[in-house]
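Trainee: Hi, could you walk me through the empty spaces in this one? I'm new to it.
Mentor: Happy to, let's have a look together.

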Amino acid sequence: MATKTFLYKAKNSKGLLITGTVKAADSAEAEKILQKNSLSLLDLIPEKAEINFSMPKIFNRVKARDKALFARQLATMISAGLTITKSIRVISTQTKKAYVHQIYMEIYRDLEEGLSFSAALSKHPDVFDQVFISIVSAGEATGKLDVVLAQLADQLENDNNFVGKVKGALYYPAFILLALVGIGSYMLVVVIPQLKSVFDSQGGQLPFATRALISLSGFVSKSWWLLLVMIVVLVVAVKFWVASPTGSRFWSLMKIKTPLFKNMAEGIYMYRFSRILAMLIGSGVPLLDALKICSGVMNNEIYEKSIVALAKQVEKGVPISVQMSKDTVFPSLIGQMAAVGEETGKLDEVMLKVADYFGESTDQNIKTISTLIEPIILVIMGLGVAFLVFAVLVPIYNVAQLN
């Protein structure tokens, strides 16, 4: 029988609490092994097989809904009276994903060794970002960990729904584009080579569009590997360029200056900024620290620099609303609402309302853009069909006329 690894918590003969692992065929055998070593068992849980952490991150990625469920379950268990360590232990046994289970087990071990929950989370920066960790840390400091975890779960669920709407608006045009590429590739590789023999047998001068299509078909059919290499090189080159300072700034500007998507991009970034800021302040994180954290999660160099400048002014004693009103990156609305929040002492509540506003307006912008994209796609498809008719059907018709 194959042996399993169990994580145990027990007391030794001197009454000291110890933790560790033991290998046995089952839990009963593991308990006997511990008893033979004069250990009084307190807790025993099976540890799933270790996984290869060198696997690509795309296969080991923890999704937002997994983190939302994690925060929600913890909030419920802690409010019911369970300790954070016991709660992590229960959650780790319920998850079916090996990578997620392994992370929870490492957090459990760190908690058993005396680390705080926020410190244990900080050892997994690829899973728990600075916002998550800072809110947990604030909850530990105020003794309201269950409350902030519930708020964090709400935030993650709202973000997941919001991102889902944005992605949903792109599914239709992406599908149409993929279909066009597929049909075009089939025409170039299969249909055009067969028609070429027909055109060659009849002789005569073919239209320029037909000759261009035949030339492109020959290149794709014979040198498809070169085309594939060119695409890969182009993608890698663009990726490295975007990672450079110049490319990063250009791409950041493109995301917020492109006419059709400008309002939507602004709404997305302001939604993210105002909601995260509201959640951090509401959890007890100082305003200056909250701004610094926000700057690190915006994923846009333009907004990052503006928020850093905002933090520097706040550090000097300048009200946040004053600097927001001066910076053209921030819409006038957010500066005005921040002033209201400062006057009433409810900046977190006001920023939450601002986030709701930008969320609703962005949702409307997404619907508008989706409506505009559909006729644009139809026009592109029409032009493609017209080109094929002129390049393929007209020569075929001429051949038929000659016969």
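**Pockets and a cavity**

Mentor: The second largest pocket holds about 550 Å³ of space. Its lining counts 21 residues, and Leu180, Ile183, Gly184, Ser185 and Leu388 are the closest to its centre. The model is predicted, so local features need pLDDT of at least 70 and side-chain atom pairs pLDDT 80 or more, while totals for chains, interfaces and linings use all residues. Residues are numbered from 1 along each chain as its sequence is written, and side-chain values use heavy atoms, leaving out hydrogens and water.

Trainee: What is a pocket here, and what is a cavity?
Mentor: Both come from a 1 Å grid over the protein atoms alone: in a cavity a 1.4 Å probe fits but cannot get out, whereas a pocket is an open set of points with protein on both sides within 12 Å along at least five of seven lines; lining residues have an atom within 4 Å of a point. Points are joined across faces, edges and corners, and a volume is the space filled by probe spheres set on them.

Trainee: Which helix gives the most to the lining of the second largest pocket?
Mentor: That is H8, with 11 residues. Helices are DSSP runs (H or I, at least four residues) numbered from the N terminus.

Trainee: And how many charged residues are in that lining?
Mentor: The second largest pocket has no charged residues in its lining, with 18 nonpolar and 3 polar.

Trainee: OK, what volume does the largest pocket have?
Mentor: About 1700 Å³. It is lined by 49 residues, and those nearest its centre are Asp159, Val163, Lys167, Arg272 and Asn299. H8 provides the largest share of this lining, 12 residues. By class, the lining of the largest pocket divides into 31 nonpolar, 7 polar and 11 charged.

Trainee: Switching topic, how many cavities of 30 Å³ or more are there?
Mentor: There is 1, with a volume of about 40 Å³. Helix H3 (64-79) and helix H5 (98-112) are the elements that give two or more residues to its lining. The lining has 7 nonpolar and 2 charged residues, and Lys67 is one of the lining residues.

Trainee: Is lysine 67 buried or exposed?
Mentor: Lysine 67 is buried (under 20% relative accessible area, 1.4 Å probe, protein chains only), yet has no salt bridge. A salt bridge is a side-chain nitrogen of Lys or Arg within 4 Å of a carboxyl oxygen of Asp or Glu, and the nearest side chain of opposite charge, aspartate 129, is 5.2 Å away.

Definitions and conventions: Nonpolar A, V, L, I, M, F, W, Y, C, P; charged D, E, K, R; others polar. Buried < 20%, exposed > 50% of the residue type's maximum accessible area, 1.4 Å probe, protein only. Lys, Arg positive; Asp, Glu negative; His and termini not counted.
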